[in-house]
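Let's take a walk through this protein together, starting with a pair of facing residues and working outward. Please have the model open as you read.

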Amino acid sequence: SRGGARVSPYADGLRKWVQPAGPREDADPVRVSRVFVALRRGVLAASPAVLGLAPSERLPRVWAVLADLDVGPEVLAVACVADGTSSLYTGSGGAILGAGAQPAVRAAAGQLLEAAERVLDALPAADRIALPAPSSVAFLVMAYEGMRRLEVPEAEALDPACAAHELYVATRDVVAELRQLSIEAGVNLIG
């Protein structure tokens, strides 16, 4: 406690987001808001044990995917977790949180997680958790044995021979469902 006030486990967790352990983070403060950075760090700091996740028959190794897309003037992060949680964060600070309750979003997110499971062995261990370079995409796959990361130019991800292709297509499907959801809600965060 500080000055007699109790410090909650949540506050302790927030401090860890500010100084994350593990792979290096390179966030460009000119390109993204502090809200975006905090939301993204929340996913990266999550623990499958704390979330109550365990390997399953469908997802024996992967428990979450964070896909970062550089789409011109905006950066998007799509977070999908094996518990059904699906969210989108925009670099400007907008967000669609907890959209996994919607069946179409949940199905698309499940396809992304299953794609990550299929390509996991082709992904190198994560040595950094940076946002992608301009016109590139980066996929952070959280597996029970550690994090993997692959970054490629978006044009390369369009090639079916690319290791990132299946992840890219599945991510675009999640974004399409989230975009439709935001339009139906009367708030178009995804242009």
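A good place to begin is Val-78, which stands opposite Leu-88 in strand E3. What you are looking at is a predicted model, so keep that in mind as we go. The two facing residues belong to a pairing between E2 and E3 (residues 86-90), which run in the antiparallel sense over five bridges. Follow the chain from one strand to the other and you pass through a hairpin with four residues between E2 and E3. Look for Gly-84 in that turn, where phi is positive at about 100°.

Now turn to the other partner of E2. Strand E1, covering residues 62-71, also pairs with E2 in the antiparallel sense, here over eight bridges. Val-71 is a handy landmark, as it stands opposite Glu-74 in E2. These two strands form a hairpin as well, with two residues between them. Its turn holds Gly-72, whose phi is positive too, at about 70°.

With E1 and E3 both placed, how many residues of strand E2 are buried? Eight of the eight residues in E2, which spans 74-81, are buried. The side chains alternate along the strand: Glu-74, Leu-76, Val-78 and Cys-80 point one way, while Val-75, Ala-77, Ala-79 and Val-81 point the other way. Both sets are buried, Glu-74 included.

Let's step over to a helix. H2 runs through residues 34-45, and its twelve residues should span 16 Å at 1.5 Å a residue; the end C-alpha atoms are 16 Å apart, so the model agrees with the expected span. Among the buried residues of H2 are Phe-36, Val-37, Val-43 and Leu-44, and the list also includes Arg-40 and Arg-41.

Zooming out, the protein has five helices and six strands. Read along the sequence, they follow the pattern α-α-β-β-β-β-α-β-β-α-α. Of the 191 residues, 44% are buried. The protein exposes about 9500 Å², and carbon and sulfur atoms supply 56% of that area. Among contacts between residues at least 6 apart in sequence, 57% join residues at least 24 apart.

Finally, a word on confidence. The mean pLDDT is 83, and 82% of the residues reach 70 or more. Residues 1-25 are the stretch to read with care: pLDDT stays under 50 there. For this stretch the model has 24 contacts beyond four places in sequence.

Conventions. Residues numbered from 1 in each chain as written. Predicted model: local features only at pLDDT ≥ 70, side-chain atom pairs only at ≥ 80, totals over all residues. Heavy atoms only, no water. Buried < 20%, exposed > 50% of the residue type's maximum accessible area, 1.4 Å probe, protein only. Pairing = 2+ DSSP bridges. Contact = heavy atoms within 4.5 Å. Areas by Shrake-Rupley, 256 points an atom, 1.4 Å probe, with all protein chains shown as cover. pLDDT = per-residue confidence, 0-100. Expected span 1.5 Å × (residues − 1).
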